[in-house]
Amino acid sequence: MEPSTNPYPLLDSLAAPQQIRHFTPEQLQQLADEVRAFIIASVSETGGHFSSNLGTVELTVALFNHFDFLQDRIVWDVGHQAYPHKILTGRKDRFSTLRQHHGLSGFLKRDESPYDHFGAGHASTSISAVLGMAKARDLQKQDHACIAVIGDGSMTAGMAFEGLNQAGYLETKKFLVILNDNDMSINPNVGSLQGYLNQIMSGQYYQRWRDRIEHAIKAIPLEGLSKGVAKAAKWSEESIKRLMVPGLLFEDLGFRYLGPINGHDVNAVSKALAEAKEKMKDGPVLLHVQTKKGFGYEPAVQDPLKWHGVTAFDPESGEIIKVQADPAKPAPPSYTNVFGKAMVELARNDARIVGITAAMLDGTGLNLFQKAFPDRCFDVGIAEQHAVTFAAGLAAQGMRPVAAIYSTFLQRGFDQVAHDVCIQDLPVTFALDRAGIVGADGPTHHGLYDLAFLRCLPNIILMAPKDENELRRMLMTALYCGHPAALRYPRGNGLGVALEEPITALPVGKGELLREGTDLLLCALGAMVEPARRIADTLAAEGISCAVINARFVKPLDAALIHAWADRCRAVVTLEEGCAPAGFGGAVAESLADAGLIRPLLRCAVADHLVHHGDPKRLLDEEGLSPAALEGRIREFFSNI
């Protein structure tokens, strides 16, 4: 008989993850090896989050060895470290569809599997969510365990400590927080907390000294001592612990601390979980697990930032498979890169300009600014709320801070934008990358709501550039307008237009007339301006005359320009890559109504529903926002006037 060529015999034999509870130590190791090999093979074809998932393989296998997650509850913080969880819960055969249209989500989704108890694409929500589940369990007289796995820098966010604080105060039983400590978020972790965690990376130093101290104190015969001596003995216990035992922060918050444990020794993790299960009966436990992003795949270990999220690659060579570009047509620079370079250019002439990001130096382009001005660039970790108020403090003292934050992540700092920046009319600039539909990360990452939730705030100026040159001009406009300002721009490359030197500001609240017309007014914003121009050219050949306005500003809206051309045209069309409720189209509709200009109006925007993950071009087409779809909608709209 020929030997089996199946590289995943144990993994493929799983009918249900509950079988893992009966595995031997040797089987646990084999299963971990097979899961890691499958992730490497599968993600090399589809792309996806990579190094974070390689780091959680042994932890995931050990968790399924001790818990039944049809009964017990688990929340993986962010979820981009939960591919092993997905693989072990019956979704291995669908991994070829990962992050593709109508395929598996790259994150956890409650409607995708009964094992996905809570969905998240943003960090630091796990402890709060699991604590809510634990209290619901207690109120309903149930008896299962509740577990949060938090890592990849998520412990730097204040929300994580808010959850720890409440869980410790409530002395929540059967409640486990696993700190997956890998020194990384996407970029390396920053801040004093990381230094604190590094202090307790000394094997069983913590456990050994705590046990010795507790035994020594218990040996003192307190019964025959006076109250004062007994009190002194108790004080000595706490004092000696603080002198000799690092890691007491979590215990002071009410948790029993275990660890640190080698997170890539599946049997060591399994033993630690067994101990945690016992201690959870008396109150909340925090298990500190030390892992490496990319473990088991050397290229990812050497460069976990590059391999955090990848496209398809050759698993043998570690080479990313790139789409062959036409050498005669070099790709235009990305909006992110143009922003980063413009920041450096402007900051050379103004020492007041500082850059702030929340664990996304490379993603926002501020890595260029950091290299040029390291003392004026601040990575605050995964803490958008702090980033915004930190920027407000800088602005209050005469600086010109630029908070570079993905559109989707600014949602986390909404109250700070409103309360700390806008109400005080402080000159903070928000550079909102990844505005619009972004693709494979799905509804948690699409930047569709920024205009809607910012437009209602007082004092703020909102802009969106039609191309990369206008992005540079808007950055300068925001920096020197003297008010809160936000500029939103899409993921990907610009249009390849010339970049004017020097950078000049735009007149605040003034749009740009690109084309005159008498039939339709196409009023477009940001990435929709170029499609609007092309549609106008096409319709002109059919005898439909279209005026085209590049709005530039959503707030203040150039009402005079829009009203003048709406008055000359038979109907108005607004075009934006954002949500329809409360967006740019709503601003135009309100302005026309206030002026008594009643015109048929077509608002082309994302409808009031979730947009799932998939190829951005396909998603835009489904939303009626691709060039072809827009042209069809506008032609039909005009024919019905």
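Here is a quick look at the aromatic pairs and ring-charge contacts in this predicted model.

Start with the tally: 18 aromatic pairs turn up. One of them joins Phe38 and Phe95, which meet edge-to-face, with 5.8 Å between centres and 70 degrees between planes. Phe38 sits in helix α2 (residues 25-46), while Phe95 belongs to the loop between α5 (83-91) and α6 (126-139), so this contact ties together parts 57 residues apart in sequence. Both rings also feature in a cluster, where ring pairs link Tyr8, Phe38, Tyr83 and Phe95.

Then there's Phe50 with Trp307. Their centres are 5.6 Å apart and the planes make 45 degrees, so this pair comes out as tilted. Here the reach along the chain is 257 residues: Phe50 is in the loop between β1 (48-49) and α3 (51-54), and Trp307 is in the loop between α13 (298-302) and β7 (309-310).

How buried are the partners? Under 20% relative accessible area counts as buried, so here's how these four residues come out:

| Residue | Relative accessible area | Class |
|---|---|---|
| Phe38 | 10% | buried |
| Phe95 | 1% | buried |
| Phe50 | 0% | buried |
| Trp307 | 1% | buried |

Charges get in on the act too. Lys277 lies over the face of Phe67, 5.0 Å from the ring centre. Over at Trp565, the charged end of Arg568 sits above the ring, at 4.1 Å from its centre.

Definitions and conventions:
Residues are numbered from 1 along each chain as its sequence is written. This is a predicted model: local features need pLDDT of at least 70, side-chain atom pairs count only at pLDDT 80 or more; totals for chains, interfaces and linings use all residues. Side-chain values use heavy atoms; hydrogens and water are left out. Rings of Phe, Tyr and Trp (its six-membered ring) pair if their centres lie within 6.5 Å; planes under 30 degrees apart count as stacked, over 60 as edge-to-face and the rest as tilted. Helices (H or I, at least four residues) and strands (E, at least two) are DSSP runs, numbered from the N terminus. Buried means under 20% relative accessible area, exposed over 50%, partly exposed in between (1.4 Å probe, protein chains only). A charge sits over a ring if NZ of Lys or CZ of Arg is within 6 Å of the ring centre and within 35 degrees of the ring normal.
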